[in-house]
Amino acid sequence: MAILGCLAPAPGGRRVTISRALMSITYPSRLMLVSAMNSCHGGYVGDPQHQCFCTPIMIQHYRSHISGPLLDRKTL
Ligand SMILES: [Zn+2]
């Protein structure tokens, strides 16, 4: 999962750039990554029809499993 946080679509599309501290490299790509995750451990936070019993700390801990850069790239 850590490598996914380093991926960025290159301008112009169909390429992906992997950036690390000392270098970045661009490869051709036709990949479309589709993923999903629950909003909390139980999956009910923000659901108007179900009650979420997670505490804010539990939600923060659950979401901390996904890196910030990867979470920034997800469309919620
Ligand atoms: Zn919950």
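The following dialogue discusses how to read the secondary structure, strand pairing and burial in a predicted model.

User: Which kinds of secondary structure does the chain contain, and how many of each?

Analyst: One begins by counting the elements. In this predicted model, the chain has 2 helices and 3 strands.

User: In what order do the elements run from the N terminus?

Analyst: The order is read along the chain, and here it is β-β-β-α-α. The strands thus precede the helices in that order.

User: How do strands β2 and β3 run where bridges join them?

Analyst: For a strand pair, one considers the direction and the bridges. Strand β2, residues 15-19, runs antiparallel to β3, and 5 bridges join the two. Together they form a hairpin, with 4 residues between the strands.

User: Which residues of β3 are the bridge partners of R15 and T17?

Analyst: Partners are read across the pair, residue by residue. R15 has P28 of β3 as its bridge partner, while T17 is matched with T26 in β3.

User: How many residues of strand β3 are buried?

Analyst: Burial depends on how many other C-beta atoms lie within 10 Å of a residue's own, and 20 or more are required. Strand β3 covers residues 24-28, and of its 5 residues the buried count is 0. The strand is therefore hardly covered.

User: What percentage of the whole chain counts as buried?

Analyst: The same criterion is applied to each residue. Of the 76 residues in the chain, 1% count as buried.

User: What share of the contacts with a separation of 6 or more joins residues 24 or more positions apart?

Analyst: Here one looks at separation along the sequence. Such residue pairs account for 12% of those contacts in the chain.

Conventions
Residues numbered from 1 in each chain as written. Predicted model: local features only at pLDDT ≥ 70, side-chain atom pairs only at ≥ 80, totals over all residues. Buried ≥ 20, exposed ≤ 12 C-beta atoms within 10 Å, placed from the backbone. Contact = placed C-beta atoms within 7 Å. Pairing = 2+ DSSP bridges.
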